[in-house]
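Biologist: Could you take me through the aromatic side chains of this protein in close detail, and show me how they sit in the rest of the fold? I would be glad of one connected account that I can follow with the model open.

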Amino acid sequence: MTDDAVPAEERYEDRYEGFPDGFFTRRDEGDDRRFYGEPRAVYHIDDGAIAAVRDLYDELGLYGEVLDLCSSWVSHLARTPQRLVALGMNAAELEENEQAQEWVVHDLNREPALPFAAASFDGAMCTVSVDYLIRPLEVFDEVARVLRPGAPFVCTFSNRCFPTKAIRGWLGTDDEFHVRLVAEYFCRSTGWDPPRAEQRPTPLAGDPLFAVWAQRSRRT
């Protein structure tokens, strides 16, 4: 039987096979729009980790048409892209983002489908927010759809989070597991070359910074 002949709900279950029950639930299952309704114009990682994020995004060439997922009031880019679209949960925060030319209020946990045409972007990023996604494979599928062939999607994260909104599978595991988990998201979703993962250099006394990224496959 081909994949196309399998009902969508069965394909969904198969792709998430092996994750324990409750892995993608949260302590607070209330409406995310309420939780993120108040602007938080704060940094969620320290200066050393922010510098590591900027350096990586610069190395990956995120300065064409770029999508910033789970964005906020700052995008941590060394250079402002030709076109930056910031997609997040709080309109007031997004409006403060000086590097964004466009912004979109969108809840990926309610609707993973992205409101963009296929092959719209030269790169995408998700900064310290991948741990909040409850349907990560669908989101990663969508990012691949809106990227051009060869374009990178990079997820960066540290050891901080809002514990009530991070998935339980993240809270109950360590940094090494988090890196493997995000790499698994790429492997289980559609349209990606094999992922790469690194712990980026940061000051020893500061926040660690981990990164997992892959390129949109040119074969699909």
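Modeller: Happily! The protein chain has seven helices and seven strands, in a model that is predicted. Read from the N terminus, the elements follow the order α-α-α-β-β-α-β-β-α-β-α-α-β-β. The C-alpha atoms occupy a box of roughly 50 × 35 × 35 Å along the principal axes. For 220 residues, a compact globule would have a radius of gyration near 17 Å, and the 17 Å of this protein chain agrees with that. Of those 220 residues, 50% count as buried. Among contacts with a separation of 6 or more, 68% are between residues 24 or more positions apart. The accessible surface of the protein chain is about 10,800 Å², and carbon and sulfur atoms contribute 48% of it.

Now to the rings you asked about. How many aromatic pairs are there? The count comes to 17 aromatic pairs. Take F19 and F24 as an example: their ring centres are 5.0 Å apart and their planes meet at 70°, so this pair is edge-to-face, the label given to planes over 60 degrees apart. F19 and F24 are both buried.

Another edge-to-face pair is formed by F140 and F153, with 5.1 Å from centre to centre and 70° between the planes. This pair links distant parts of the chain, with F140 in helix α5 (residues 136–146) and F153 in strand β5 (residues 152–157), 13 residues apart. Are these two rings buried or exposed? F140 has a relative accessible area of 0%, so it counts as buried, the cut-off being under 20%. F153, at 1%, is buried because it falls under that cut-off as well.

The two pairs belong to one picture: Y16, F19, F23, F24, F140, F153, F177, Y185, F186 and W192 form one aromatic cluster. If you select those residues in your viewer, you can trace the cluster through the chain.

Helix α5, which carries F140, deserves a look of its own. This helix is mostly covered, with nine of its 11 residues buried. Those buried residues are P136, L137, E138, V139, F140, E142, V143, A144 and V146. A general point helps when looking down a helix: an α-helix has 3.6 residues a turn, so residues three or four places apart point the same way.

W192, a member of the aromatic cluster, also leads us towards the end of the chain. S217, in the segment after β7 (209–215), touches W192 along with P149, G191 and D193, leaving out residues up to four places away in sequence. S217 has a relative accessible area of 3%, so it is buried by the under 20% cut-off. The side chain of S217 also reaches the backbone nitrogen of R219, at 3.0 Å.

One more ring is worth a visit for its partner. R79 lies over the face of Y63, 4.0 Å from the ring centre.

For a polar counterpart to all these rings, turn to D32 in helix α2 (residues 32–35). Its relative accessibility is 6%, so D32 counts as buried. What does the side chain of D32 make polar contacts with? One polar contact is with the side chain of N109, at 3.1 Å, and another is with the side chain of K165, at 2.6 Å. Setting aside neighbours within four places in sequence, D32 is in contact with R26, M89, D107, N109 and K165.

Let me finish with N159, in the loop between β5 and α6 (168–171). Strand β5 is the one that holds F153, so you can walk along the chain from that ring to reach this loop. N159 has 47% relative accessibility, so it counts as partly exposed, a class that runs from the 20% cut-off up to 50%. Its side chain makes a polar contact with the side chain of S158, at 3.3 Å. Not counting residues up to four places away in sequence, N159 touches D175, D207 and P208. The C-alpha atoms of N159 and V130 are separated by 12 Å, with the two residues 29 apart along the chain.

Definitions and conventions: Residues are numbered from 1 along each chain as its sequence is written. This is a predicted model: local features need pLDDT of at least 70, side-chain atom pairs count only at pLDDT 80 or more; totals for chains, interfaces and linings use all residues. Side-chain values use heavy atoms; hydrogens and water are left out. Rings of Phe, Tyr and Trp (its six-membered ring) pair if their centres lie within 6.5 Å; planes under 30 degrees apart count as stacked, over 60 as edge-to-face and the rest as tilted. Buried means under 20% relative accessible area, exposed over 50%, partly exposed in between (1.4 Å probe, protein chains only). Helices (H or I, at least four residues) and strands (E, at least two) are DSSP runs, numbered from the N terminus. A charge sits over a ring if NZ of Lys or CZ of Arg is within 6 Å of the ring centre and within 35 degrees of the ring normal. The radius of gyration is taken over C-alpha atoms; the globule rule is 2.2 Å times the number of residues to the power 0.38. Contact means heavy atoms within 4.5 Å. Accessible areas come from the Shrake-Rupley method with a 1.4 Å probe; for residues, only the protein chains shown count as cover. A polar contact is a pair of N or O atoms within 3.5 Å; within protein, one must be able to donate a hydrogen and the other to accept it, and residues adjacent in sequence count only if both atoms are side-chain atoms.
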